[in-house]
Amino acid sequence: MKPAPFALLVWILGAALAACNLTAPSPSDPGALSTSAAKTVEAVLSPAASPAASQPAVPNTSAPPSPAASPSAAQDCAENTSITSWTRDGIAYEHQEVDRPLAAGTAFIMSWVVQNSGTCVWNDGYRMVFRSGERLTQADSLPVMPVGYEVRPGESLTITVQMTAPSAPGEYESSFSLADAAGENALNVGVLTTVGTPSSGKLSAPGDLRYTYDCTTGVVDITLIWLDKAANEDGYRVYRDGVKLADLPAASTTYDDIVPASGTYLYTVASFNLGGESPANVQVQTSNCK
């Protein structure tokens, strides 16, 4: 039986403004993570929160600023962020990818493209900080940009973090923040990770793998075709000359590829699940294309 997607509520786009004053939950409090998630989602989605996001942060009037305060601490600015892209291993981190189980201990890359839509200038003192939940990184604080780099209002920053899936099957939540040098949060994100177990039974390779190609449009368009012979695959994986091109859903039977020039290419189509891959190969020759 092919695994059904997990019914996960994706705690995603936790854009915490400095004016929102959301604090990270303590790992020792079992209910704190879900409570913080709900508050963060409410702050992001509530119409009443939108006008506040565009207002400058309210200065602390309890005491005058110290003359020795750093420029970043003294600047009167408002934090505001938006995530324009979120991927895991280059695949959009949407429902299907969030639900996809990983093998225990698998390394993966989380990547965010974050736009600075506030009035603060981000500098190399900003870091990605682990706050609570399941630990997916070795370090608690990770640099997000080179020394001397700045991200001004209206500009974007790509944040890439190497993570490792937990070692036991289950569903896990982890909280991270983009924080300035003073520890103030500019952005909160929640990472959901599902660790599965290998599917039982033999995994069958694609059957009758073949191809067609066409170059009448000026490019070399190759179509791979196969039979879905597996009953327990998580999907199909396509390689060209050993380089992965795509992960396809379970029960897929075709894939279209455009190659840079006429020639000979070795394609591999593999059914896969947490237990591994069962590949089939075909050598494509586009000898009639000029």
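Is tryptophan 226 buried or exposed, and what is its relative accessibility? In this predicted model, tryptophan 226 has a relative accessibility of 2% and therefore counts as buried. The residue belongs to one of the six aromatic pairs counted in the structure, and its pairing is described below after the disulfides.

The structure holds two disulfides. With the bonded cysteines counted along the chain, the connectivity follows the pattern 1-2, 3-4. One disulfide joins cysteine 77 to cysteine 120, with an S to S distance of 2.0 Å. The link of cysteine 77 and cysteine 120 is right-handed, with 90° about the S-S bond. This pair connects distant parts of the chain, 43 residues apart. Cysteine 77 is located in the loop between helix H3 (71-74) and strand E1 (81-88), whereas cysteine 120 is located in the loop between strand E3 (107-116) and strand E4 (127-133). Cysteine 77 has a relative accessibility of 12% and so counts as buried. Cysteine 120, at 3% relative accessibility, is likewise classed as buried.

The other disulfide is formed by cysteine 215 and cysteine 289, with the sulfur atoms 2.2 Å apart. Because the torsion about the S-S bond of cysteine 215 and cysteine 289 is about -100°, this disulfide is left-handed. Cysteine 215 lies in the loop between strand E9 (207-214) and strand E10 (220-227), and cysteine 289 lies in the segment after strand E15 (276-285), so the bond ties together parts of the chain that are 74 residues apart in sequence. The two ends fall into separate accessibility classes: cysteine 215 is partly exposed, at 27% relative accessibility, whereas cysteine 289 is buried, with a relative accessible area of 6%.

The aromatic pairs number six. Among them is the pair of tryptophan 86 and tryptophan 112, with a centre-to-centre distance of 5.7 Å and an angle of 50° between the planes, a tilted arrangement. Tryptophan 86 is in strand E1 and tryptophan 112 in strand E3, so that the pair links distant parts of the chain, 26 residues apart. Tryptophan 86 counts as buried, at 7% relative accessibility, and tryptophan 112 counts as buried at 0%. Together with Tyr93, Trp86 and Trp112 form one aromatic cluster.

Tryptophan 226 and tyrosine 236 form another of the aromatic pairs. The ring centres of tryptophan 226 and tyrosine 236 are 5.7 Å apart and the ring planes are at 50°, so the pair is tilted. Tryptophan 226 is found in strand E10 and tyrosine 236 in strand E11 (residues 235-240), and the pair links distant parts of the chain, ten residues apart. Tyrosine 236 has a relative accessibility of 0% and counts as buried, as does tryptophan 226 at 2%.

Charged side chains also lie over aromatic rings. Arginine 88 lies over the face of phenylalanine 108, at 5.9 Å from the ring centre. In the case of arginine 237, the charged end sits over the ring of phenylalanine 272, at a distance of 3.8 Å from the ring centre.

Methods:
Residues are numbered from 1 along each chain as its sequence is written. This is a predicted model: local features need pLDDT of at least 70, side-chain atom pairs count only at pLDDT 80 or more; totals for chains, interfaces and linings use all residues. Side-chain values use heavy atoms; hydrogens and water are left out. A disulfide is a pair of cysteine sulfur atoms within 2.5 Å. Helices (H or I, at least four residues) and strands (E, at least two) are DSSP runs, numbered from the N terminus. Buried means under 20% relative accessible area, exposed over 50%, partly exposed in between (1.4 Å probe, protein chains only). Rings of Phe, Tyr and Trp (its six-membered ring) pair if their centres lie within 6.5 Å; planes under 30 degrees apart count as stacked, over 60 as edge-to-face and the rest as tilted. A charge sits over a ring if NZ of Lys or CZ of Arg is within 6 Å of the ring centre and within 35 degrees of the ring normal.
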